[in-house]
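Colleague: I would like a close look at a single part of this model. Please start with one residue, then move on to the pockets.

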Amino acid sequence: MVKSIKDSLHNSSMYLPGDKELAEHQTLCLERLYDFNQTRPSELKKREALLKEMFADIGEDCYIEPPLHANWGGNHVHFGKNVYANFNLTLVDDTHIYIGDYTMIGPNVTIATAGHPILPELREKAYQFNVPVTIGRNCWIGAGSILLPGVSVGDNTVIGAGSIVTKDIPSNVVAVGNPCRVLREINDYDKEFYFKDLRVLEK
């Protein structure tokens, strides 16, 4: 364990929350998140400006549908360009979350970086640890999915609705379930059909 809570936020060490300066900074982050969630649908420019203040990095043409929930108001979140997130995205962003360009996130998705020890004696003392989560480029995270601390999802991958991602998922696959497992690779069939027997017309 390390002495500095600020350091331990980002190095996977166990720590005890409660640092006053850190709590004050977190409150400021949550104030901006509150402002974002109170915007009207017509206030797109205001939303864009707030996201640039809130997030560690956010690329061009990103859109997040309020309400957004985040432990640190997005302060440790890194979005590429053209990322879309639907209603009720929950970011447990106690440490870094990285999401690549063109990724789409369905409604009611949770991406969690924070955890607590299994050992009851440690958990009773409120110890916490944080491990980053990485989602690659051009992924689709289905509605209601949950991504747990430390996982990574490779480029172009689809995570099926309601999945619980407990381990790394490679690139170019469809993965589903609880726990989430690779169902199949993305293949030539997907070039011809976009959903069941519905055919892609674009050539």
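In which strand is the place of L89?

Modeller: A word first: this is a predicted model. L89 sits in strand β6, which covers residues 89–92. Next comes its exposure. L89 has a relative accessible area of 0%. The cut-off for buried is under 20%, so L89 counts as buried.

Now look at the surroundings of L89. Leaving out residues up to four places away in sequence, L89 touches P67, L68, H69, F79, I105, V109 and I111. P107 is worth finding too. L89 and P107 are 18 residues apart in sequence. In space, their C-alpha atoms are 6.5 Å apart.

One of the contacts of L89 is I105. Strand β8 spans 104–105. That strand leads us to the largest pocket, since β8 supplies at least two residues of the lining there. The same is true of β16 (158–159), β19 (181–185), α5 (188–192) and β20 (193–195). Of these, β20 gives the largest share of the lining, with three residues.

How much space is there? The largest pocket holds about 690 Å³. Its lining has 27 residues. Nearest the centre of the largest pocket lie W140, V158, V174, D190 and Y194. Sort the lining by type and you get 18 nonpolar, six polar and three charged residues.

Turn to the second largest pocket. About 180 Å³ of space lies there. It is lined by 13 residues, and L44, E48, L51, C62 and Y63 are the closest to its centre. Two elements give two or more residues to this lining: α3 (44–54) and β2 (63–64). Helix α3 gives the most, with five residues. By type, the lining of the second largest pocket splits into seven nonpolar, one polar and five charged residues.

Finally, consider a record for part of the chain. An unreviewed UniProt entry lists residues 6–60 as "domain: Maltose/galactoside acetyltransferase". In the model, the span 6–60 is 58% helix and 4% strand. The C-alpha atoms at its two ends lie 29 Å apart. Helix α3, at 44–54, belongs to the picture of the second largest pocket as well.

To retrace the path, begin at L89 in β6. Step to its contact I105. Follow β8 to the lining of the largest pocket. Then find α3 beside the second largest pocket, where α3 supplies five lining residues.

Methods
Residues are numbered from 1 along each chain as its sequence is written. This is a predicted model: local features need pLDDT of at least 70, side-chain atom pairs count only at pLDDT 80 or more; totals for chains, interfaces and linings use all residues. Side-chain values use heavy atoms; hydrogens and water are left out. On a 1 Å grid over the protein atoms alone, a cavity is a set of points where a 1.4 Å probe fits but cannot get out, and a pocket is an open set with protein on both sides within 12 Å along at least five of seven lines; lining residues have an atom within 4 Å of a point. Grid points are joined across faces, edges and corners, and a volume is the space filled by probe spheres set on the points. Ala, Val, Leu, Ile, Met, Phe, Trp, Tyr, Cys and Pro count as nonpolar, Asp, Glu, Lys and Arg as charged, and the others, Gly among them, as polar. UniProt positions are given in the numbering used here, feature names are shortened, and annotations may be inferred rather than shown by experiment. Buried means under 20% relative accessible area, exposed over 50%, partly exposed in between (1.4 Å probe, protein chains only). Contact means heavy atoms within 4.5 Å.
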